[in-house]
Amino acid sequence: MSRGAPSGAVSDTPVMVVGGGPAGAVTGLLLARRGWEVELVDRARFPRSKACGECLNPGGVALLAELGLMESVLATSPAVMDGWDLALPGKGSWRPPARGRFRGGDRALGVCRATFDAALLEEARAAGVRIREGVRVVKARPGSADEPAAVELVLPGGDRRWRTARVLVGADGLNSRIRSEVGLAGAATDPPKASLTWRIQGAGPSRHQGRLLLGPGSTVGLAPVSGPEATHWNATLVVVEEADRADLLRQGWSMMSAALQGIPGGWRREPRVVAGPWGSGRFRRPTEAAWTGRTLLVGDAAGYFDPLTGQGIYRALLSARLAADTIDRGLTGDTRRNSDVEALAPYGALVFSSLRTGRWLQRAVEGVVSRSPLRRLCLSGLRHLPRATSWLIHLTGDRAGSLLREPEPVWPLHPSRTIHEDHR
Ligand SMILES: Cc1cc2nc3c(=O)[nH]c(=O)nc-3n(C[C@H](O)[C@H](O)[C@H](O)COP(=O)(O)OP(=O)(O)OC[C@H]3O[C@@H](n4cnc5c(N)ncnc54)[C@H](O)[C@@H]3O)c2cc1C
C-alpha cells in the first residue's frame, strides 16, 4: 500500500460529499437526481446555526428556482428584500443612506440559515442521498488514476473508519479540512477579518431593505430574516482583526448597539438580542485550485474571502452545479475508472472562470470600503446617484444578465402568507 493510504476497516462509495451546507447538499442532490449513489457526512446535526449575514442574493434565488427548490425555501418564510441601503457615520448618527435597489424586479431573500440549510438537506435526502450527521472527517487522500480518494471518519460514538470513494467532494466550508488534507490550501496575504452575528428582535425599519453601515475599521450588516415573528433581524459585525479575539467578544455588542442607534429608518421598539453571537473568521482562505486527483472542492472550501458583498451562498450553489455536471457528464461506467481523473480535471478552470467576475467585484468593493477617504467620497457621491447605486447593488446580486430587463417583480413586496411583512 502507498504512503498515507487508508488501512484497517475500509468501505467504498461512488461519491462521498463532506459537508451538508448549501454547497454539499445541492451537489449531492443533483447527483442523486441523476442516479448516482451519494453519501454525505457532516459533523453537525441539522438544523445547525451558521455565522452568516443570511441574505440569499437574487442570483442565488434564481439558481434555486431553476433547480426546483424554491418551494421548500419559501416554506421557511423568508423576508423579501428589494435592495440595500448603504450608510456612513455622521456626527453622532448615520448619514442619510445611498439607496440601491435590484433592477428588473429581482429580489433577495432574508433566510434563517438553520432552517434554510436544513430544508436543502431534506431535499437531498428526499432525492436519495444517504446523509450521516454527527460524523467528522479528520483525514483525506485526494485519490489518483490508480487509487480511490479516501476519508477517515470519526463516528458519533468515537470509532474511526476509512471510507474510499470514486469521487470525493469537499464541501466543508471556510476552514475546509479536505482542502488542507489534499494539499490545496494557499497562503493568506490580506489582513485578517473576524465577525460576530446576533439574531435580534425589533420593529421599525422597513423590512424590505438590508442595511450596510460602513464605519471606520468595521462594517455592520442588518437584514430582515424569517423567524417566529416578522420582527427578527440578522445583525452582523465585521472588523479587521487588529485586536485579539477576546477584545472583540467583550466589545462586540457595544459596537453593534452603537451602530444600531440612529439607524436610518429608526426603531419603534428597541432591538434586543434573542440568539447568538456566532463568531467566524478569518475570511481570506485562498485555495490553490478546486480540483486534484479524484477530489473537487465546492462552496467556501473552493475559496471564499470576504462576506462584504453577500455572494457566498450563490457561489456555493453555482459551484455545486458545476461539480455535479462535471461528475455526471465526465464519468461513465465503472470500467473506465482510470479516465476519471482526466474527466474531473476541467472543473478547476471552470469554477475559477465562473466565479471570476464576482471575485473582482468583491475585491473592488473591498478596496474602496477599506480606505476611509475613498469610502466617504464614493458613498457621498452615490447618495446623489440613486441609479448608479442600484446598478452596483444589482451587480453584487450576481444577476448581471438581467441588468437591462424591464421591471417585473419575481415576488411582490406585499406577498402571500408564506412571506413575512413588517407590521406597520
Ligand atoms: C459573517 C458572514 C456573513 C456572511 N453573509 C453572507 C450573506 O449575507 N449572503 C451570502 O450569500 N453569504 C454570506 N456569507 C457566506 C456564506 O455563509 C457561505 O459562503 C456559505 O455558507 C457557503 O456554504 P458552504 O456549503 O460552502 O459551507 P457551509 O455553509 O459553511 O457548510 C459547511 C458544512 O461542512 C461541515 N463540516 C465542516 N468541517 C467538517 C468536517 N471536518 N467533517 C464533516 N463536516 C464538516 C459543517 O458542519 C457545515 O455544515 C457570510 C459569511 C460570513 C462568515
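Guide: In this predicted model, a good place to start is the ligand, where a backbone N or O atom of A23 lies 3.0 Å from an oxygen atom of the ligand.

Visitor: Which other residue brings a backbone N or O atom to 3.1 Å from a nitrogen atom of the ligand, and how far is a polar backbone atom of G53 from a ligand nitrogen?

Guide: The residue is R43, whose backbone N or O atom lies 3.1 Å from a nitrogen atom of the ligand, while a polar backbone atom of G53 is 2.7 Å from a nitrogen atom of the ligand. On its own the ligand has 1000 Å² of accessible area, and the protein covers 94% of that.

Visitor: How should I read the shell of residues, and which elements give two or more residues to it?

Guide: One can ask about distance, about origin and about class in turn. There are 37 residues around the ligand, of which D42, G53, C55, D300 and I313 come nearest. The elements that give two or more residues are helix 1 (22–33), strand 9 (136–141) and helix 7, with helix 7 supplying the largest share, three residues. Sorted by class, the shell has 16 nonpolar, 12 polar and nine charged residues.

Visitor: Since helix 7 has come up, at roughly what angle do the axes of helix 2 and helix 7 cross, and is the crossing left-handed or right-handed?

Guide: A helix pair can be described by the approach of the axes, by the handedness and by the residues that meet. The axes of helix 2 (residues 58–66) and helix 7 (residues 312–330) come within 8 Å and cross at roughly 35°, and the crossing of helix 2 past helix 7 is left-handed. From helix 2, the residues G59, G60, L63, L64 and E66 meet Y314, L317, L318 and R321 of helix 7. The residues of this contact divide into five nonpolar, two polar and two charged.

Visitor: What should I look for in the backbone itself?

Guide: Most residues other than glycine have a negative phi, and most peptide bonds are trans, so departures from these habits deserve a careful look. Here the peptide bond from F46 to P47 is cis, with omega near 0°, and P47 is found in the loop between strand 2 (38–42) and strand 3 (55–56). The loop between strand 2 and strand 3 is also the place of E54, which has a positive phi of about 65° although it is not a glycine. A cis peptide bond also joins G276 and P277, with omega about 5°, and P277 is found in strand 16 (residues 269–281).

Visitor: To finish with a side chain, which residues does E366 touch?

Guide: E366 lies in helix 10 (residues 356–369) and, leaving aside residues up to four places away in sequence, touches K193, D306 and L308. With K193 there is a polar contact of 2.8 Å that joins the two side chains.

Key. Residues are numbered from 1 along each chain as its sequence is written. This is a predicted model: local features need pLDDT of at least 70, side-chain atom pairs count only at pLDDT 80 or more; totals for chains, interfaces and linings use all residues. Side-chain values use heavy atoms; hydrogens and water are left out. Axes are lines fitted to C-alpha atoms, for helices over the stretch in contact, and angles run from 0 to 180 degrees between N-to-C directions. Helices (H or I, at least four residues) and strands (E, at least two) are DSSP runs, numbered from the N terminus. A crossing is left-handed if the near helix is turned anticlockwise from the far one by less than a right angle, and right-handed if clockwise. Contact means heavy atoms within 4.5 Å. Ala, Val, Leu, Ile, Met, Phe, Trp, Tyr, Cys and Pro count as nonpolar, Asp, Glu, Lys and Arg as charged, and the others, Gly among them, as polar. A residue is near a molecule or strand if one of its heavy atoms lies within 4 Å of it. A polar contact is a pair of N or O atoms within 3.5 Å; within protein, one must be able to donate a hydrogen and the other to accept it, and residues adjacent in sequence count only if both atoms are side-chain atoms. Accessible areas come from the Shrake-Rupley method with a 1.4 Å probe; for residues, only the protein chains shown count as cover.
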